[in-house]
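Student: Could we go through this model together, one question at a time, with the reasoning spelled out before each answer?

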Amino acid sequence: MILTVTLNTALDITYRTPRLVPHTTHRVSEVIERPGGKGLNVARVLAALGHETVVTGFAGGGTGDVLRELLRLAPGIPAYAPPVDALVPIAGATRRTVAVVDGSTGDTTQLNEPGPVVSAAEWAAFLARYEELLAGADAVALCGSLPPGIHVGAYADLVRGARGAGVPVLLDTGGEPLRRGIAARPDLVKPNADELARLTGSREPLRATRDARRRGAHAVVASLGPDGVLAATPDGVWRACPPAPAKGNPTGAGDSVVAGLLSALVERLPWPDRLTRAVALATATVLSPAAGEFDAGAYGELLSRVRVTEQPPQ
C-alpha cells in the first residue's frame, strides 16, 4: 500500500473559457470539479496505475463533503479502484482552488485559497491516524502546503515518523517546510525549479539539485516543467526530457511526477526507468483536462520517447 498525506486538501475547480481577457466578463464553456491537493492528485494517478493507495490529511465542511464524494468516483478507467479515504474530519471548510484555462492559448491562471485553520486536537487526531497507517505502508508521500494552524516543522516530524517506521518517504513541498523537512533526511524530495532556487539560492538546476541533496535528502528529483526532470541520486545524476513540450493544463503535472517516482520505487525499478515513467506521466497529465488524471494513450506512447541522459559526475 502507498500512503499519501495531504494536509491542505482542496476541491479543484477548472473553468474553461474561449479567451481570458482581464477586466471583462467571461462565459465559461466547461466546469470540471475534482478532489485536489497534491497528495490526492498523486493518489488518483497511483490508483490509475493499479497501485493500492490510501489518502490521509484533513477534510471539512460542505466543500470537504464534495471532495470525499468525488474521491470515490472512478475517472472512466476500467478496473479502477479509488484510493481509500482515511481523511481526518475538521471543523473548518476545505479550501477551493480555481484554474482558469484560456482556450485561445492553452495558458492557465491559478487561484488558490489558503485553507482552514487546524486545531491542536485535530492535529493530534491526524498524528494518531498517520502512525496507524504507516504500519501497513510500503511508501509514503508528504505533499503540498501546510494549512493555517500547523507548525512549520510539521513535515520534518512526519519524515522522522516514517523513517522510524522503516517506510521510504518522499517530500514534496516548498519554502520553510521544505527547508526543515529536508534536514530530517527524507528518502526523496521533489521540488520544482522555483522551490529549488529558494532552498539553495541557485537557479542553475544541476548545482542546485546537488546542493539540495547535500542538505539531507537521500535523493533529489527537481521538476523543471516542460524541460522534464533532473535527478541527483546515490547511483548517479540523470536528466529526463519529454520528446517535445506539451500544450495544455499543467495543473497536477508535478503530482504525476511524484506518482511515477513512488510507483517505480515500490516496484524496485532502476532510476532511469523511474524518471522515464515520471516524465511520461507528467506530460500525459498536461494533455488531460483535469489534475489527478492523465491521458492513458499518450502515456503509453510517451514511455518509449522520453530521453534519459546521465550527467557527468561533479
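Student: Which residues make the nonpolar surface patch of about 240 Å²?
Tutor: This is a predicted model, so local features need pLDDT of at least 70. One member of the patch, Val28, lies in the loop between E2 and E3. The nonpolar surface patch, about 240 Å² in area, is made by Tyr15, Val31 and Val28.

Student: Does Val28 count as buried, partly exposed or exposed?
Tutor: Buried requires under 20% relative accessible area and exposed requires over 50%, with partly exposed in between. Because the relative accessibility of Val28 is 42%, the class that applies is partly exposed.

Student: Is strand E7 largely enclosed by the rest of the structure or not, and how many of its eight residues are buried?
Tutor: Strand E7 covers residues 95-102, and it is largely enclosed by the rest of the structure. On one side of the pairing list, E2 (residues 10-17) runs parallel to E7 over eight bridges, with Leu11 bridged to Arg96. E7 also pairs with E8 (residues 108-112) in the antiparallel sense through five bridges. The number of buried residues in E7 is seven.

Student: In the hairpin of E7 and E8, which residue takes a positive phi near 85°?
Tutor: Val101 stands opposite Thr108 in E8, and the hairpin has five residues between the strands. The residue with the positive phi near 85° is Gly106.

Student: What arc around the axis do the buried residues of helix H2 cover?
Tutor: In H2 (residues 61-71), the buried residues are Thr63, Gly64, Leu67, Leu70 and Leu71. They lie on the same side of H2, because the arc they cover is only 125°.

Conventions: Residues are numbered from 1 along each chain as its sequence is written. This is a predicted model: local features need pLDDT of at least 70, side-chain atom pairs count only at pLDDT 80 or more; totals for chains, interfaces and linings use all residues. Side-chain values use heavy atoms; hydrogens and water are left out. Buried means under 20% relative accessible area, exposed over 50%, partly exposed in between (1.4 Å probe, protein chains only). Helices (H or I, at least four residues) and strands (E, at least two) are DSSP runs, numbered from the N terminus. Two strands pair if DSSP finds at least two bridges between them. The arc is that of the directions from the helix axis to the C-beta atoms. Patches are made of residues with over 30% relative accessible area and no salt bridge: like charges are joined within 9 Å, nonpolar side chains (Val, Leu, Ile, Met, Phe, Trp, Tyr) within 5 Å. Accessible areas come from the Shrake-Rupley method with a 1.4 Å probe; for residues, only the protein chains shown count as cover. A salt bridge is a side-chain nitrogen of Lys or Arg within 4 Å of a carboxyl oxygen of Asp or Glu.
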